[in-house]
Amino acid sequence: MLCPSLRNAFLCTVSVVAVCAMGPVHADPPPESQPVTLETVHQLALLTTIEDYRDTSDFCTCDVRLFSTNGRTLATDWKVHDLMTGMTLDLRGRGYPLAINPDGTQVLVSGDHSGTRLLDVQTGREQTLMPDDADDGVFSPDGSLVATTSRDADAIQVWRVAGPELLTTLGRSRLYVTTDNLAFTADGRYLLWVDRKDSLSVWNVAKQAPEWQVARNIWDYHLSADQRTVVLQKQDFGTVEAWDLDSHKLLTRMEDTQEFSGVDTYALSPDRQTLVVSYYGSNQRLELWDIASQVKTPVELDERYGFNLLFTPDSRFLMVAGGSQDQGCDRESGSCSGGGSGWTETIQIVDVGTAQVIDRAVPADGHSISHSLLMAGGTLLVTSDSYGHAAIDLWQVEGSTLTRVQQLPGGDVQISPDGSTFLATIDNDFLAVYGIPSAARPVQQYVLPGKIIPSSVSVRAEPNGDAAVVGTASGAVRVLGLSPAGDYVYLPDAEGWIRSDPLYLQLALDMPVTALQILDPAAVVALAMEPTDVPVPTPTQVPTAVPAVALDQLQLPIGEPVLPPVMPPDGLQPITPEQVEAVTLLAVLPATTIRNQGFPLLVPSVSLDGSHLISPPIQDQHTPFVWDLRTFEAQPGPEIDTSYAYGMAVVASPDGQHIVFTPDEYEVPLKLWSSERGWSMNLFTFITGSYSALAFRPDGQDLAVPGGVFDVQTGRLRFTLDNVGAAVYSPDSARLALMSRERGYFYDASSGELLAQTPRVEPHTDLVDGRFSPDHTTFLATTYDGIQVYDGETGTLRYTKTTGSYSENWEIEQVIFSPDATWIAALDPQGILQIWDAHDGTAEAVLDTDGGKGIAFSPDGQLLAISHPLRLIELRSGVVTPVSGDYGGSHLLFSPDGSSLLIESADRSYDDLQSVTVLGIPTAERPAWEPLTATVVASAINVRQRPEGESDVIATVSGEVLLIGRDSSGEAVYLEDPAGWVWAAPEYLDLKGIALETLPVRAANGLPHDSNPTE
């Protein structure tokens, strides 16, 4: 089976919601609203717009729109809107709206560590529900109850609104929050919820008691249109089940029997006789399942994307087009999820009885379909295109025939439950509100986004060409209204008028200026249209005790390393302070990486005895490689499809004997490869999310995966884990930390018992990765803002270190513990090295490394390596020894035995040639690397001071030359004599079969201490 996570939004998706298009729960509109029907659809008009509806400070920029059941009240990311009166409540700094009660009078508000409250829409008054933040909530259909799920309270709770009063605590909430975590049935009899063990439970509202538990390992669920059936998808992504809520009986189970596919979307017909399931992957398809006969029938479709599934109310026909309306957003952890992703070019109508496509419809003007839904009793189909043209099409449904009856500008359409209001995106800042104009809901004066076509235009005090010029306007503008003559529009930000001619102004979505309302020039002085600025906190710079001093002033008291020393294999010598002068280049490992962050998201490993490097596949490779660091020979690992490397996971065990990986872009199944056996075994079907969700225990016995820990030798699950996140073992194998975006959880690595957890971080801070100190008493977590340091036993926050800006975020490779667990060293992007006490954060030293890019402690703690230029610092004496050759690279790593210093050559993996430079003490088994011979093709070529075309020419060269390095991109090579750069193109240099990746990278700008090895 295959996981759909990669087919949905990659940068923000943590959990994926498969969509069950069961049909919306309809409600009667309030008396002042008129529903959209076939008779009224031509009267649809743009009533108003909603500006600045998204929280731009949110990590995931979640697009959240919540309607009350009666359609009167709308909530967006941080605002609540009364669609009848136009009144708006701004919640910035007070949290986020999570749910609206059915009549639109109360909103559940939470977030930003402000607790959870009930907000009165008309008065703005709040009642505290609980001091903890809630992640999601839902009102009962009669509005008397509200259910919340909270990671702060670590529970799902049901509250009586009157009071308010806590009725019951149901259990621990699911870690990731989606729109289907909680749901009341439309009749209010049951509350459905998913717990921490992914079990779907049903709570009887009248009895205020658990009713029953449906199943374990639930990925998501949806209720049928009649609310009598719950259809759920299991976590194997191959099983869909339908259960009767009243009888508690399983109605049917549909299982995927084909490999390399998984359930994408599913739907149950209104008569509950047919279950339709679409699959994605190599065996992408659509199948109808007759529940009575248990017969599966495939449907042949013209297109195989965007499987949104809509049954007509009589269950005779199935419409297949576009994605879905369902979407979820977890603002606190910064994750979003969208369901039923995809788009189509065609609406296909399937006869359910014959499983044949009997009709097709295509939107006009080359539009695609990204969303689709049925309304007005199944007589209107609404489709929208949000990818290009941003248009909404409305189709009359007559049996199996579709006729387009209306088109509106806008994308990502959402319709209120009462069917009276269409919401659609105009751009990232504006929503269009469409409805049937009436005395209660007239067309209002609204703002539209526009763009000035010339570089600038004159803004005039009045709408005529003779009026005084009060300023100029350019770029993006807000347009309020049209002059009575229609030849000018008003810009509220510029407080004046500009020509409405399309040569001067273009409205969003190419709307005509006639879409704007006439604005009385005499009324503009009464307008208050200035947008509210959102205060942006100023980041705090990294605190420094003293100004930065020269690197040679570093003298650090170093104790004995906490971890026992590892002896190098026979023939290898450790790098010690007494031998730093002898450190030299030993080998270059081509097409190899030691990087453990960035694209591709893969994690390499050096075996604990220092004898092997396990490198993930990069560039066009299809296997990881196991490099012998004694002979520099490589053994290929398991075959891996690297077509979509950004979603894969490859992790090596510390003993160098195992590699765990996902074989393709769909991340399924998880495979464990043994170098001894030379083959892989499947562990189970699962979702990684990213490389950091996998971790081997340092003793090599266990493997942590999302949701559990496996025994490496047997491949069996040892125990499950309640939390999900980046996995980090302590060096002594005693503890396992799981890092979610918002907090860390510390487990006993042998039993799986939860021992402690860290406090929740501030919103949008996001924990990225972490590591234990060598003595496991300190835990360091990196964030987008800097570093959080915790007590490794209790999880208590000790101190934080913040960077100056998001672009200068700390990278885990540049923040390291000393082997004696006393110090933390951090190198910022400007090359400032800071060393502070690991326990209390007291600064010990602040040093200028003269452009340093990477740092690494030797395993014995006596040396600190800094690149580039590459230097070795004896910490007790402060002696700085430059390594001849000035090898470039921003990522350094000592092997655990101290015999090899590895340098990643590439600074940017997307355009650099990647290789790993190995330095150490030359021996008979590992002699020093020798320069390579090439021949100048022309009679002579220029040798330049740097690998740049405008660099000074310092010599010319001809004939045979010795190559001792290259630049990171491979465009230029460095000569031994004369010492300088020449172009590597074949018209200049015959490399005689030398692969540029086999040359070490040299820093492009050598420092004065850099010397030629021949001098």
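Tyr 974 and Trp 981 are both buried. Their rings form an edge-to-face aromatic pair, with 4.9 Å from centre to centre and 65° between the planes. In this predicted model, Tyr 974 is also one of the members of a nonpolar core of 39 residues, which includes Val 588, Val 936 and Leu 996 as well. This core is separate from the largest one, which is described further below.

**Aromatic rings and charges**

A pair of aromatic rings is described by the distance of the centres and the angle of the planes. The count of such pairs here is eight. Another of them joins Phe 772 and Phe 779, and because their planes stand at 70°, with the ring centres 4.8 Å apart, this pair is edge-to-face. Are these two residues buried or exposed? Phe 772 has a relative accessibility of 6% and therefore counts as buried. Phe 779, at 0%, counts as buried too. Phe 746 belongs to the same group of rings: ring pairs link Phe 746, Phe 772 and Phe 779 into a cluster.

Charged side chains also sit over rings. The charged end of Lys 801 lies over the ring of Trp 836, at 4.8 Å from the ring centre. Arg 285 lies over the face of Tyr 279, where the distance to the ring centre is 3.9 Å.

**The chain as a whole**

The chain has 1015 residues, and 58% of them count as buried. Its secondary structure consists of 87 strands and zero helices. The exposed area is about 38,500 Å², of which carbon and sulfur atoms supply 50%. Among contacts between residues at least 6 apart in sequence, 53% join residues at least 24 apart.

**The largest core and strand E39**

The largest nonpolar core holds 45 residues. Which of them touch the most other members? They are Leu 44, Val 382, Leu 394, Phe 422 and Tyr 434. Strand E45, residues 488–491, gives the largest share of this core, with four residues.

Leu 44 has contacts with Val 36, Leu 394, Gln 406, Leu 408, Phe 422, Tyr 434, Gly 435 and Ile 436, leaving aside residues up to four places away in sequence. Tyr 434 and Gly 435 are also residues of strand E39, where they lie on opposite sides. E39 spans residues 430–435, and six of its six residues are buried. One side carries Phe 430, Ala 432 and Tyr 434, the other Leu 431, Val 433 and Gly 435, and both faces are covered.

E39 pairs with strand E2 (residues 45–51) in the antiparallel sense, through six bridges. Within this pairing, Ile 50 has Leu 431 as its bridge partner. E39 also pairs antiparallel with strand E38 (residues 422–425), over four bridges. Phe 422 is there the bridge partner of Tyr 434. E38 and E39 form a hairpin, with four residues between them.

**Two open sheets**

Strands of a sheet pair through backbone hydrogen bonds, either parallel or antiparallel. An open sheet of five strands runs in the order E48-E73-E72-E71-E70, and its pairing is mixed. Strand E48 (549–550) and strand E70 (815–817) each have a single partner strand, so one side of each is left without a neighbour in the sheet. An open sheet of four strands has the order E58-E59-E60-E61 and antiparallel pairing. At its edges are strand E58 (695–696) and strand E61 (717–720), each pairing on one side only.

The table gives one antiparallel strand pair from each sheet.

| Strands | Residues | Bridges | Residues opposite each other |
|---|---|---|---|
| E72 and E73 | 832–837 and 843–848 | five | Trp 836 and Ala 843 |
| E59 and E60 | 702–705 and 708–711 | four | Val 705 and Gly 708 |

Trp 836, which stands opposite Ala 843 in E73, is the residue whose ring lies under the charged end of Lys 801.

**Val 214**

Val 214 belongs to strand E18, residues 209–215. Why does Val 214 count as buried? Its relative accessible area is 8%, and buried means under 20%. Val 214 touches Leu 200, Val 202, Leu 232 and Trp 243, not counting residues up to four places away in sequence. Lys 249 is 35 residues from Val 214 along the chain, and the C-alpha atoms of the two are separated by 9.2 Å.

How values were computed:
Residues are numbered from 1 along each chain as its sequence is written. This is a predicted model: local features need pLDDT of at least 70, side-chain atom pairs count only at pLDDT 80 or more; totals for chains, interfaces and linings use all residues. Side-chain values use heavy atoms; hydrogens and water are left out. Helices (H or I, at least four residues) and strands (E, at least two) are DSSP runs, numbered from the N terminus. Buried means under 20% relative accessible area, exposed over 50%, partly exposed in between (1.4 Å probe, protein chains only). Contact means heavy atoms within 4.5 Å. Accessible areas come from the Shrake-Rupley method with a 1.4 Å probe; for residues, only the protein chains shown count as cover. A nonpolar core is a set of buried Ala, Val, Leu, Ile, Met, Phe, Trp, Tyr and Cys residues joined through side-chain atoms within 4.5 Å. Two strands pair if DSSP finds at least two bridges between them. Rings of Phe, Tyr and Trp (its six-membered ring) pair if their centres lie within 6.5 Å; planes under 30 degrees apart count as stacked, over 60 as edge-to-face and the rest as tilted. A charge sits over a ring if NZ of Lys or CZ of Arg is within 6 Å of the ring centre and within 35 degrees of the ring normal.
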